[in-house]
Protein chains: 2
Amino acid sequence: MLEVARYRNGMAMLAGAVNVITTDGPRGKAGFTATAVCTVTDQPPTLLVCMNRSSYAHPFFVDNGVLCVNLLSAGQQDLSGVFSNREISMEARFASTECSVLETGSPVFADALVSFDCRIAQIEEIGSHTIFFCEVVEMQQSEPKPGLVYFNRSYHHLGAAGGAA
Amino acid sequence: MLEVARYRNGMAMLAGAVNVITTDGPRGKAGFTATAVCTVTDQPPTLLVCMNRSSYAHPFFVDNGVLCVNLLSAGQQDLSGVFSNREISMEARFASTECSVLETGSPVFADALVSFDCRIAQIEEIGSHTIFFCEVVEMQQSEPKPGLVYFNRSYHHLGAAGGAA
């Protein structure tokens, strides 16, 4: 078995797009910042989100059964900080950005690159984390603009066009 | 349900680190390029890899029960092309780069940012794809160097240091 500290140092080099995952429903509104998001299949359109089971927001997602993956643009780096700061209440987090809804009622951020509106279709528990397998029921996409990624423990911006940066 | 073409356009904006996933064992040696890799938990160190069940390499991974995630550096963009080109045989793919092994015997690329050597602990089938949940048993990490990501249908390089690029 690999030591945890070595694993974390290795995983710091796995670049990840920065997302804010939101939900709303019977349990109430919640949102958190996540890089552990990936596409699973497009038959049917399905993505997955990993979440720490001990986090405050976890039961909101389980009880509501819906979520929205808001893929942040380079200009939304501040929101990443707001939605990962435990000192900031859910109410204050959502007060910091303009939101709408699509089909599930989960908050959709105005300036995200893409928002994937989802129903949670299946839940797997792996160690300390929960994997939500989500069917994408609606989507909102902006014009291409620079993306935001986290790599080697800091933020980086990606140009909307190709090529080395 | 969201239309597949719209979903693909949305997912093109989810930046992903570029990896080559390799295996070796009773079934033989295989490898393919993947961005659908993410960490699940560090208790115990566990990652996941999504793979199309209909791909040629799929049974190699199922039968061998082990794999290595080679996280590519910016200088290894050519390898991404080689390991995603169906016209190139497995033998020719591996002839294009220097490899060693760690604990499981899966090929470890010489110049990867990090190589995560894994045992496949659990398999889930979701639509057209298989999710391999993998326990990381050993790891090899180079000095920090620029990373390689795929975003908006093209490659981008990330500086090893922080800040907007």
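**Loops, a hairpin and a two-fold axis**

Biologist: Let me start at Asn152(A), which sits in the loop between β11 and β12 of chain A. Why does Asn152(A) count as partly exposed?

Modeller: Happy to explain, and please keep in mind that this is a predicted model. Asn152(A) has 19 C-beta neighbours inside 10 Å. A buried residue needs 20 or more and an exposed one has 12 or fewer, so Asn152(A), with its 19, falls in between and is partly exposed. Its backbone also has a positive phi of about 55 degrees, although Asn152(A) is not a glycine.

Biologist: Thanks! And what makes Arg153(B) exposed?

Modeller: Arg153(B) has 11 other C-beta atoms within 10 Å. The limit for exposed is 12 or fewer, therefore Arg153(B) qualifies as exposed. Arg153(B) belongs to the loop between β11 (147-151) and β12 (154-158) of chain B, and here too a residue that is not a glycine has a positive phi, of about 65 degrees.

Biologist: Let's try a helix. Why does Glu91(B) count as exposed?

Modeller: The same kind of test applies. Glu91(B), in helix α4 (residues 90-95) of chain B, has 9 C-beta neighbours inside 10 Å. With 12 or fewer as the cut-off, those 9 neighbours make Glu91(B) exposed. Its C-alpha atom is 8.2 Å from that of Lys29(B), 62 residues away along the chain.

Biologist: How do you know that β2(B) and β3(B) pair?

Modeller: Strand β2 (residues 19-23) and β3(B) share five bridges in the antiparallel sense. Pairing needs at least two bridges, so five are enough. In this pairing, Asn19(B) faces Ala34(B) of β3(B). The two strands form a hairpin with six residues between them, and Gly28(B) in the turn has a positive phi of about 115 degrees. As for β3 itself (residues 30-34), four of its five residues are buried.

Biologist: Now the two chains together. What makes the relation of chain A to chain B that of a two-fold axis?

Modeller: Chain A superposes on chain B after a rotation of 180 degrees with 0.0 Å of shift along the axis, and the RMSD is 0.0 Å. That is why the relation is that of a two-fold axis. The same surface serves both copies, as 100% of the contact residues of chain A recur in chain B.

Biologist: And how many residues does the contact take from each chain?

Modeller: It takes 55 from chain A and 55 from chain B. On the side of chain A that touches chain B, β10(A) gives the most, with eight residues. That side divides into 33 nonpolar, 17 polar and five charged residues.

How values were computed. Residues are numbered from 1 along each chain as its sequence is written. Chains are lettered from A and ligands numbered from 1 in the order in which they are written. This is a predicted model: local features need pLDDT of at least 70, side-chain atom pairs count only at pLDDT 80 or more; totals for chains, interfaces and linings use all residues. Two residues are in contact if their C-beta atoms, placed from the backbone, lie within 7 Å. Ala, Val, Leu, Ile, Met, Phe, Trp, Tyr, Cys and Pro count as nonpolar, Asp, Glu, Lys and Arg as charged, and the others, Gly among them, as polar. Copies are superposed by least squares on the C-alpha atoms of residues with pLDDT of at least 70 in both.
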